[in-house]
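Thanks for coming, everyone. Please pull the structure up on your screens, and we will walk through it together.

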Amino acid sequence: MAEIRNYTINFGPQHPAAHGVLRLVLELDGEVIERADPHVGLLHRATEKLAETRTWIQSVPYMDRLDYVSMMCNEHAYCMAIERLLGLEVPLRAQYIRTMFDEITRIMNHLMWLGAHSLDIGGMTTFLYCFREREDLFDMYEAVSGARMHAAYYRPGGVYRDLPERMPQYRAQHTRNEATLRDMNSNREGSLLDFIDDFTRRFPGYVDDYETLLTDNRIWKQRTVGIGVVTPERALALGFTGPMLRGSGIAWDLRRKQPYEVYDKMQFDIPIGVNGDCYDRYLVRVEEMRQSNRIVKQCVDWLRQNPGPVITDNHKVAPPHREAMKSNMEELIHHFKLFTEGIHVPPGEAYAAVEQPKGEFGVYAISDGANKPYRIKLRTPDYVHLSALDEMSRGHMIADVVAIIGTQDIVFGSIDR
Amino acid sequence: MQGSLATLAAALPAVLGDALVATTTALGEVTVVVRAGSLLPAMTALRDDDATRFDQLIDVCGVDYSAYNGPQRDGPRYASVYHLLSTVHNWRLRVRTFAPDDDFPVVDSVIGIWPAANWFERESFDLYGILYTGHPDLRRLLTDYGFVGHPFRKDFPISGTVEMRFDPEQGRVIYQPVTIEPREITPRIVRENAYAADPGFEKG
């Protein structure tokens with residue numbers, strides 16, 4: 001009789017379905033997974049240790065590079081932790097801007113997830129559509145911060161600057177004739193808010209397109225229904241948050257349960273799943289995009305009517321206005337002290353969490369009163385989700401691992417930190 | 001809405017019993033310090049008692065207090081900090097437990113109470129060298145295979161100890177002692193208390 005042995009195979013770190021640098025050691029019995037052991041850390045940059053050697057504000061751009069598909073949400077949690085330690089009020093307009101950009105980020109993240117997930121398990125078309133829409137969202141980022149991805153737009157005490165009055169336009173080029181150029185610039189004639197408003201009107205139609213491609217698609221359902229089922233009890237015990245928890249049927253959303261910024265003034269629904277499988281998590285995320293679109297629309301309407309300051313006037317935390325700095329000795333000193341020495345945060349500790357697109361993103365900051373953090377701990381949602389990969393993929397086929405990695409919405413910037 | 005912190009703080013002494021060392025409420029958060037020896041019964045009580053019901057473990061992290069408040073600090077060096085969340089009562093709690101021995105920090109593993117602790121404890125072991133007894137698979141997680149040392153300890157240099165390069169003579173990748181020196185552009189400064197928050201400073 002032939003000897004039967006389990007296979008151990010190495011999946012990644014250079015595998016297109018590994019979403020970055022995931023190295024997975026799979027123990028197989030035929031084609032069935034016996035054990036999955038993720039090896040992470042290939043992108044470990046010790047962000048938490050680096051933050052200890054930088055002033056509080058210098059670490060803001062590091063936060064973008066954690067979960068590099070939901071940049072502003074990471075900054076948000078970090079700024080909230082500092083604001084909590086300082087006991088700082090954020091102006092109302094800045095709160096609306098943050099809420100709006102959090103939701104833009106959520107749409108951006110879910111588009112990336114939807115495109116990559118469907119590409120992993122066999123659908124090319126959705127990927128192309130999703131990335132077309134993501135381009136508009138990147139333009140919003142760029143208009144407000146100057147950077148397409150790594151914005152560094154949120155600052156302790158507010159946001160870096162107010163929304164621009166003019167939306168940048170495409171310029172003539174030998175590959176574009178005049179009619180194309182006019183068409184490309186048709187929704188960029190007004191301000192950034194006009195552009196966002198136009199997007200919120202177009203976007204529900206796009207989501208319908210994605211759903212036409214996937215929701216009733218036989219192949220899609222065969223690959224996702226009943227795959228990676230997590231019961232509500234296990235989801236809580238494993239520390240799941242965000243769509244992974246809601247997909248299992250637990251209505252838990254920090255935006256509703258522990259509202260921050262102006263989420264308590266927003267009208268939106270929280271979708272939850274029933275079966276806790278990959279398909280339900282897909283439905284939850286698609287519905288979240290529609291709800292985010294609603295929130296963005298509400299913020300746009302409010303922001304149009306309510307001008308005001310977007311960053312605190314406490315110059316120990318936020319720099320004074322440029323003109324004031326040039327004409328006033330005291331403001332000059334503030335400016336100098338702030339940029340040479342940085343913010344001094346009173347001793348203490350705070351944990352601030354936001355509902356990032358992937359789940360709860362938390363920043364635990366310990367300060368000893370210096371201009372640099374004593375310790376920063378970043379709690380990232382996909383780190384916890386990936387640690388449950390072993391349990392979720394046991395007993396499944398090897399091809400389902402790809403579906404499960406996809407449904408966890410993992411990004412290595414935030415797992416390895 | 002969120003559960004009241006006062007209710008939570010009032011319920012804690014009964015739930016934790018003599019495991020409780022100190023309770024503080026600051027900045028809208030409750031922190032308890034728990035004796036390392038009775039961590040497991042205390043955590044189990046926090047999860048199962050109807051008055052607390054912390055059904056989710058959000059985060060575990062190691063902290064090295066050796067440089068806190070300058071060199072004059074006494075007391076244990078390493079702490080393990082847990083962030084708990086109750087989806088039933090909608091409140092959070094921070095639990096801190098100090099490892100009694102600085103040279104050989106050991107804390108009980110809570111993996112039997114919340115399976116979510118698995119990777120958090122591996123990470124804390126990797127970065128701080130805190131040993132979690134009862135953890136079934138306490139391997140390094142984030143650092144390189146064969147890494148020496150615990151990089152997040154305060155006495156570990158920011159630039160590390162070894163660097164890697166391709167050696168053309170040997171025709172392979174080699175490790176060698178680091179050749180760069182970390183530079184500090186902005187020095188670390190501790191100012192008087194409430195420097196930023198004091199409105200008296202505002203107008204000068």
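Start with Arg246(A). It is buried, with a relative accessible area of 0%. One caution before going on: this is a predicted model. Arg246(A) has a partner. Its side chain meets that of Glu355(A) in a salt bridge, at 3.0 Å from N to O. Where do Glu355(A) and Arg246(A) sit in chain A? Glu355(A) is in strand S6, residues 348-356, and Arg246(A) is in helix H10, residues 243-246. That puts the two 109 residues apart, so the pair links distant parts of the chain. Glu355(A) counts as buried because its relative accessibility is 1%, and the cut-off is under 20%.

These two are not alone. Arg246(A) and Glu355(A) belong to a network of salt bridges. Its other members are Glu103(A), Arg106(A), Asp253(A), Arg255(A) and Glu288(A).

Now two more pairs in chain A. Take Arg98(A) and Glu261(A). They form a salt bridge, with the closest N and O atoms 3.0 Å apart. Arg98(A) is in helix H4, residues 92-120. Glu261(A) is in the loop between helix H11 (254-257) and helix H12 (278-305). The pair is 163 residues apart and links distant parts of the chain. Is Arg98(A) buried or exposed? Buried, with a relative accessible area of 0%. Glu261(A) is buried too, at 15%.

Next, Arg417(A) and Glu48(A). Their side chains meet in a salt bridge, again listed at 3.0 Å, N to O. Arg417(A) is in the segment after helix H18 (412-416), and Glu48(A) is in helix H1, residues 47-52. They are 369 residues apart. Both Arg417(A) and Glu48(A) are buried.

How many salt bridges does the whole structure hold? A search over all chains finds 49.

On to disulfides. The same kind of search finds zero of them over all chains. Why does Cys130(A) have no bond to its closest cysteine? The closest cysteine sulfur is in Cys278(A), and it is 17 Å away, too far for a bond. A disulfide needs the two sulfurs within 2.5 Å. Cys130(A) counts as buried, at 0% relative accessibility. Cys61(B) tells a similar story. Its closest cysteine sulfur is in Cys79(A), 20 Å away, which is too far for a bond. Cys61(B) is buried, with a relative accessible area of 1%.

Let's turn to where the chains meet. Here 63 residues of chain B are in contact with 70 residues of chain A. The size of an interface is often given as the accessible area lost when the parts come together. Between chain B and chain A, about 5600 Å² is buried. Carbon and sulfur atoms give 53% of that. Which residues of chain B lose the most area to chain A? They are Trp119(B), Phe152(B) and Arg188(B), together 13% of what that side buries.

Now the polar side of it. There are ten salt bridges between chain B and chain A. One of the salt bridges joins Lys377(A) to Glu123(B), with the closest N and O atoms 3.5 Å apart. The count of residue pairs in polar contact is 33.

Several elements of chain B each supply at least two residues to the side that touches chain A, among them strand S2 (29-34), strand S5 (91-98) and helix H3 (117-128). S3(B) gives the most, with nine residues. By class, that side has 34 nonpolar, 13 polar and 16 charged residues.

A quick stop at Ala36(B). It is in the loop between S2 and helix H2 (39-48) of chain B. It counts as buried, at 16% relative accessibility. Its C-alpha atom is 6.4 Å from that of Ala99(B), 63 residues apart along the chain. Leaving out residues up to four places away in sequence, Ala36(B) touches Thr97(B), Phe98(B), Pro100(B) and Asp108(B).

Last topic: backbone angles. Most residues other than glycine have a negative phi. Ala152(A) has a positive one, near 50 degrees. It lies in the loop between helix H5 (125-145) and strand S4 (154-155) of chain A, and it is buried at 14%. Leu27(B) also has a positive phi, about 50 degrees. It lies in the loop between strand S1 (20-26) and S2 of chain B. Leu27(B) is partly exposed, with a relative accessible area of 38%.

That's the tour. Over to you for questions.

Terms used:
Residues are numbered from 1 along each chain as its sequence is written. Chains are lettered from A and ligands numbered from 1 in the order in which they are written. This is a predicted model: local features need pLDDT of at least 70, side-chain atom pairs count only at pLDDT 80 or more; totals for chains, interfaces and linings use all residues. Side-chain values use heavy atoms; hydrogens and water are left out. A salt bridge is a side-chain nitrogen of Lys or Arg within 4 Å of a carboxyl oxygen of Asp or Glu. Helices (H or I, at least four residues) and strands (E, at least two) are DSSP runs, numbered from the N terminus. Buried means under 20% relative accessible area, exposed over 50%, partly exposed in between (1.4 Å probe, protein chains only). Contact means heavy atoms within 4.5 Å. Buried area is the accessible area (1.4 Å probe) that two parts lose on being put together, summed over both. A polar contact is a pair of N or O atoms within 3.5 Å; within protein, one must be able to donate a hydrogen and the other to accept it, and residues adjacent in sequence count only if both atoms are side-chain atoms. Ala, Val, Leu, Ile, Met, Phe, Trp, Tyr, Cys and Pro count as nonpolar, Asp, Glu, Lys and Arg as charged, and the others, Gly among them, as polar.
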